[in-house]
Structures are given as C-alpha cells and as structure tokens.
Amino acid sequence: MKIYSVINILLVNFLITGFVYAGKYDNTSKEWQIKAYSSAAPDFIGNFATIVGSDGKVIREGSNGWTCMAGNGRPYPEKGWKNAHDAMPTCNDKEAMKWMSAFMKNEKPKLDKDGWMWMLHGDVGEDNLVAGVLNKEDSTPGQWIESGPHLMFIPKDIKSLDNWNTDFTTGEPYVMFPGTIYAHVMIPVEGYYKYQKESEPK
Ligand SMILES: [Cu+2]
C-alpha cells in the first residue's frame with residue numbers, strides 16, 4: 001500500500017513536471033530565431049543572410065544581400081514560434097523582399113526584376129487560389145496545401161505565369177495564387193509533401 005502511494009506520488013509529480021516543461025519552451029531568443037530563420041535557405045545562403053527578428057529589427061547583419069525572417073503573418077506568440085515550420089521562415093533576395101513587404105501590407109508588389117525566395121521549413125498551409133486564407137475550413141475545397149520545403153520564383157511580370165501549371169499534386173513547379181497580384185511559382189523539393197501526404201503524386 002505504502003509503496004503504491006509513493007509510486008503514485010512520483011508518477012503524478014513526473015506528469016506535472018512533464019506538462020509544465022512542455023509548456024515552458026521559449027523560442028524568443030536571438031539565437032533561436034537566427035537558427036530557425038536562416039535555415040529556411042541552404043547553408044551557403046542562410047549563413048551569410050541578414051536576419052530580421054520578430055520585432056522587425058535586424059538581429060544579425062549579413063553580407064550576401066539576402067534577408068531571412070519569419071513569414072507567418074499570424075500574431076507572434078508570447079513564447080515565440082513553436083518550431084521552425086510554425087514560423088514559416090523565408091529567405092529573400094532583394095526583389096523577393098519587396099514582394100514580401102507588399103504582401104504583408106496587402107499592397108501590389110512592384111519589382112524591378114524577378115525574385116527568389118527559399119522556404120525550406122515550408123508553411124502551415126495556404127489556399128492555393130486565394131491569398132490570406134488562414135484555415136483549411138475557410139479555403140476553396142481541394143485547394144488547401146500545407147507545404148514542405150520549397151523554393152519560390154517571384155516574377156516581375158505576373159502575366160508571364162498565365163497558362164502555367166496550377167496543380168500542386170503533380171510534383172512539378174506550380175503557380176500559387178494564379179491570376180492575382182501575388183501569383184508566384186512554387187518549386188517543390190525533397191520532402192515537400194511531408195505535411196500533406198494525400199497530395200503526393202502516386
Ligand atoms: Cu512559399
């Protein structure tokens with residue numbers, strides 16, 4: 001009897017500690033953010049990129065003209081993003097950076113040439129036809145895609161994407177937000193379908 005209560009107390013303690021610990025992550029540090037955001041691109045780009053923190057300020061100066069930052073437009077959680085995927089980090093060249101800031105302000109992007117954006121941690125889901133949809137329930141039926149690793153091509157002239165593939169289930173590059181001011185090309189790389197197996201080509 002005694003032994004059981006001791007074991008019980010130990011178990012309960014262990015569980016409580018476990019729960020408290022699980023809720024106690026803190027991903028707001030510069031170190032966490034630099035690691036999570038810079039790894040949205042391959043090392044040879046991310047290691048030399050400027051990193052913008054959650055407060056919109058530069059937390060590391062870069063040297064290659066690229067900028068990495070969290071791309072998730074949802075409110076920044078008190079303890080930071082749960083993980084890198086949740087942060088939806090993007091590494092942008094100069095043109096993609098212009099596109100990102102226009103996108104976040106709901107403005108029309110004005111680029112001087114085509115741009116490139118890496119998103120090797122994927123995103124937490126998009127309606128492929130409509131920008132800004134935050135939940136699968138609100139998306140166009142069959143058009144919700146939670147992306148794994150990909151590269152994005154951002155054209156200066158969105159008309160150049162007319163008649164391109166818009167089907168994300170083929171594995172080929174496809175147009176996201178086709179026919180809109182935010183039309184761009186998604187280029188899936190290894191692991192692209194890991195969050196949404198049912199869309200993988202069979
Ligand atoms: Cu993307």
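Let me start at strand β10, where V185 is the bridge partner of V175; strands here are DSSP runs of E with at least two residues, helices are DSSP runs of H or I with at least four residues, and both are numbered from the N terminus. Three bridges join β9 to β10, and these two strands run antiparallel. Please keep in mind that this is a predicted model, in which local features need pLDDT of at least 70 and side-chain atom pairs count only at pLDDT 80 or more, while totals for chains, interfaces and linings use all residues. The numbering of residues starts from 1 along each chain, as its sequence is written.

On its other pairing, β10 meets β8 in the antiparallel sense over four bridges, and within β10 the bridge partner of H150 is P188. The side chains along β10 (residues 184-188) alternate, in that H184, M186 and P188 point to one face and are buried, while V185 and I187 point to the other and are not. By buried I mean that 20 or more other C-beta atoms lie within 10 Å of the residue's own, whereas exposed means 12 or fewer and partly exposed is in between, with C-beta atoms placed from the backbone.

How many strands form the open sheet, and in what order? There are eight, in the order β2-β1-β3-β4-β5-β8-β10-β9, with mixed pairing, and two strands are taken to pair if DSSP finds at least two bridges between them. At the edges sit β2 (58-60) and β9 (174-176), each of which pairs on one side only. Neighbouring strands of this sheet are turned by 30° against each other on average, direction ignored; the axes are lines fitted to C-alpha atoms, for helices over the stretch in contact, and angles run from 0 to 180 degrees between N-to-C directions. As an example of parallel pairing, two bridges join β1 (residues 50-52) to β3 (residues 67-70), and the bridge partner of I51 in β3 is C68.

Turning to the helices, α5 (residues 94-104) lies across β3, β4 (89-92), β5 (115-119) and β8 (150-154), and runs at about 75° to β5. Its buried residues are A96, M97, W99 and F103. Because they cover an arc of only 160° around the axis, they are on the same side of α5, the arc being that of the directions from the helix axis to the C-beta atoms. What covers these buried residues of α5 includes β3, β4, β5 and β8. After α5 comes N106, whose phi is positive, near 60°.

In α2 (30-38), the buried residues are Q33, A36, Y37 and S38, and they pack against α3 (43-46), β1, β2, β3, α4 and β4. Leaving aside neighbours within four places in sequence, Y37 is in contact with I51, C68, M69, A70, A87 and P89, where contact requires C-beta atoms, placed from the backbone, to lie within 7 Å.

Why does K30, also found in helix α2, count as exposed? K30 counts as exposed because it has 12 C-beta neighbours inside 10 Å. With neighbours within four places in sequence again left aside, K30 is in contact with G53 and I59.

Finally, the largest nonpolar core has 35 residues, of which Y37, A40, A41, C68 and C91 touch the most other members; such a core is a set of buried Ala, Val, Leu, Ile, Met, Phe, Trp, Tyr and Cys residues joined through C-beta atoms within 7 Å. The helix α5 gives the most to this core, with four residues.

Technical notes
Two residues are in contact if their C-beta atoms, placed from the backbone, lie within 7 Å.
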